2 protein chains.
Amino acid sequence: MTIGEIAAQTGLPAKTIRYYEEIGLITPRRDSNGYRVFARTDVHTLRFLGRARTLGFSIEECRKLIALYEDKGRASGDVKALAQEHLQDIEDKIRQLEEMRMTLSDLVTACAGDNRPDCPILTDLAKG
Amino acid sequence: MTIGEIAAQTGLPAKTIRYYEEIGLITPRRDSNGYRVFARTDVHTLRFLGRARTLGFSIEECRKLIALYEDKGRASGDVKALAQEHLQDIEDKIRQLEEMRMTLSDLVTACAGDNRPDCPILTDLAKG
DNA sequence: CCTTGACCTTCCAGTGACTGGAACCCTTAT
DNA sequence: ATAAGGGTTCCAGTCACTGGAAGGTCAAGG
């Protein structure tokens with residue numbers, strides 16, 4: 001399977017797949033012409049990566065997840081711990097964004113948005 | 001005022017202030033010894049920047065906001081448009097994170113988190 | 001006068017996870 | 001012979017800093 005074919009099958013851009021090889025997440029063989037040759041397991045791994053990235057796991061977390069996935073003697077507690085930590089990060093980010101959203105929303109509402117220069121948004125930014 | 005003093009007054013790290021100078025957000029004068037000399041207006045500008053960054057505005061957006069702030073003939077509509085666009089971005093991000101949060105939360109709940117290898121989290125990632 | 005310590009300076013490299021582009025090679029069809 | 005549509009490598013850029021090295025400046029203390 002060439003990189004274009006596997007890109008189509010996994011939905012990941014070829015560039016990204018090359019990058020994943022560069023950082024050691026996959027190691028396709030090479031054809032005599034230098035082209036990468038992907039195996040079926042690579043499709044699997046790349047889909048796994050795509051899904052994990054969609055859920056916001058970092059590359060390093062993905063690396064750990066794949067290691068756990070391949071370790072048939074893993075403890076599900078280790079996976080859960082990783083996911084819980086990540087969930088915590090996400091919740092923190094959401095809280096932070098919610099704070100921004102509320103403040104901004106108030107400011108936008110308070111601003112007339114006309115041709116006059118008076119602007120509560122700028123006033124707020126200026127007061128610090 | 002030296003960079004250390006203004007850093008203390010604005011709460012921004014000296015490194016960040018140097019960076020803001022580098023990208024043209026402020027232009028402090030220099031003393032004969034090469035040290036940066038900050039004016040009172042710089043305290044104001046840096047606090048403005050700090051607040052805007054806290055609200056998630058990008059540096060380029062901050063640049064525009066400062067320009068609007070300094071333009072006494074501005075239309076508040078221009079400021080509002082900028083803020084609304086940014087608010088939209090934030091809401092998009094929140095929605096995306098909420099999706100991750102829900103999926104992850106379900107998976108974490110479903111995972112026993114014990115010593116056995118069976119793990120719904122990995123199963124989900126693998127199914128794609 | 002010398003040193004110590006706390007400042008200040010510049011410059012370079014790294015962060016995360018790609019993404020764009022240039023320059024070039026391989027294969028197949030026309 | 002050439003054109004199209006793959007593939008390859010390598011380099012630079014993204015965003016907003018942050019860390020660190022190497023060195024200059026200044027006031028106080030011995």
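1. In which hand, right-handed or left-handed, does helix 3 of chain B pass helix 4 of chain B? In this predicted model, helix 3 of chain B makes a right-handed crossing as it passes helix 4 of chain B. The axes of these helices, residues 40-54 for helix 3 of chain B and residues 59-70 for helix 4 of chain B, come within 10 Å and cross at roughly 130 degrees, and the two helices are therefore oblique to each other.

2. The contact behind that crossing draws on Thr45(B), Phe48(B), Leu49(B), Ala52(B) and Arg53(B) from helix 3 of chain B, while helix 4 of chain B supplies Cys62(B), Leu65(B), Ile66(B) and Tyr69(B). Sorted by class, the residues of this contact of helix 3 of chain B with helix 4 of chain B are 7 nonpolar, 1 polar and 1 charged.

3. A reader following chain B onward may next look at helix 4 of chain B beside helix 5 of chain B, residues 76-110, where the packing angle is about 160 degrees and the axes are 10 Å apart. Helix 4 of chain B and helix 5 of chain B are therefore roughly antiparallel to each other, and their crossing is left-handed. On the side of helix 4 of chain B the residues that meet the partner are Glu61(B), Lys64(B), Leu65(B) and Leu68(B), and on the side of helix 5 of chain B they are Asp78(B), Val79(B), Leu82(B) and His86(B). This contact of helix 4 of chain B with helix 5 of chain B divides into 4 nonpolar, 1 polar and 3 charged residues. Leu65(B) is listed in the contact of helix 4 of chain B with helix 3 of chain B, and Leu65(B) is also listed in the contact with helix 5 of chain B.

4. In chain A, helix 4 and helix 5 of chain A pack at an angle of about 160 degrees with their axes 10 Å apart, and they are therefore roughly antiparallel to each other. The crossing of helix 4 of chain A and helix 5 of chain A is left-handed, and the residues that make the contact are Glu61(A), Lys64(A), Leu65(A) and Leu68(A) of helix 4 of chain A with Asp78(A), Val79(A), Leu82(A) and His86(A) of helix 5 of chain A. By class, this contact within chain A has 4 nonpolar, 1 polar and 3 charged residues.

5. How many residues does each chain bring to the contact of chain A with chain B? Chain A gives 49 residues and chain B gives 49 residues. On the side of chain A that touches chain B, the elements that give two or more residues are helix 3 (40-54), helix 4 (59-70), helix 5 (76-110) and helix 6 (120-127) of chain A. The largest share of that side, 21 residues, comes from helix 5 of chain A, and by class the side of chain A that touches chain B has 25 nonpolar, 12 polar and 12 charged residues.

6. The relation between the two chains can be stated with some precision: a turn of 180 degrees, with a shift of 0.0 Å along the axis, lays chain A on chain B with an RMSD of 0.1 Å. That is the relation of a two-fold axis. Within chain A, the C-alpha nearest the axis belongs to Ile94(A), and it lies 3.0 Å from it. Of the interface residues of chain A, 100% are also interface residues in chain B, so the copies meet through the same surface.

7. Turning to the DNA, strand C is surrounded by 17 residues, the closest of which are Ser58(A), Ile59(A), Thr2(B), Gly4(B) and Arg36(B). Two or more residues of the surface near DNA strand C come from each of helix 2 (14-22) and helix 4 of chain A and helix 1 (3-10) and helix 2 (14-22) of chain B. Helix 2 of chain A gives the most to this surface, with 3 residues, and the surface near DNA strand C has 6 nonpolar, 6 polar and 5 charged residues.

8. DNA strand D is likewise surrounded by 17 residues, and the closest are Gly4(A), Arg36(A), Asn33(B), Ser58(B) and Ile59(B). The elements that give two or more residues to the surface near DNA strand D are helix 1 (3-10) and helix 2 of chain A, together with helix 2 and helix 4 of chain B. Here helix 2 of chain B gives the most, with 3 residues, and by class the surface near DNA strand D has 6 nonpolar, 6 polar and 5 charged residues.

Notes: Residues numbered from 1 in each chain as written. Chains lettered and ligands numbered in written order. Predicted model: local features only at pLDDT ≥ 70, side-chain atom pairs only at ≥ 80, totals over all residues. Contact = placed C-beta atoms within 7 Å. Helix = DSSP H or I, 4+ residues; strand = E, 2+ residues; numbered from the N terminus. Nonpolar A, V, L, I, M, F, W, Y, C, P; charged D, E, K, R; others polar. Near = placed C-beta within 6 Å. Least-squares fit on C-alpha atoms with pLDDT ≥ 70 in both. Axes fitted to C-alpha atoms, helices over the stretch in contact; angles between N-to-C directions. Parallel < 35°, antiparallel > 145°, perpendicular 65-115°, else oblique. Left-handed = near helix turned anticlockwise from the far one by under 90°.
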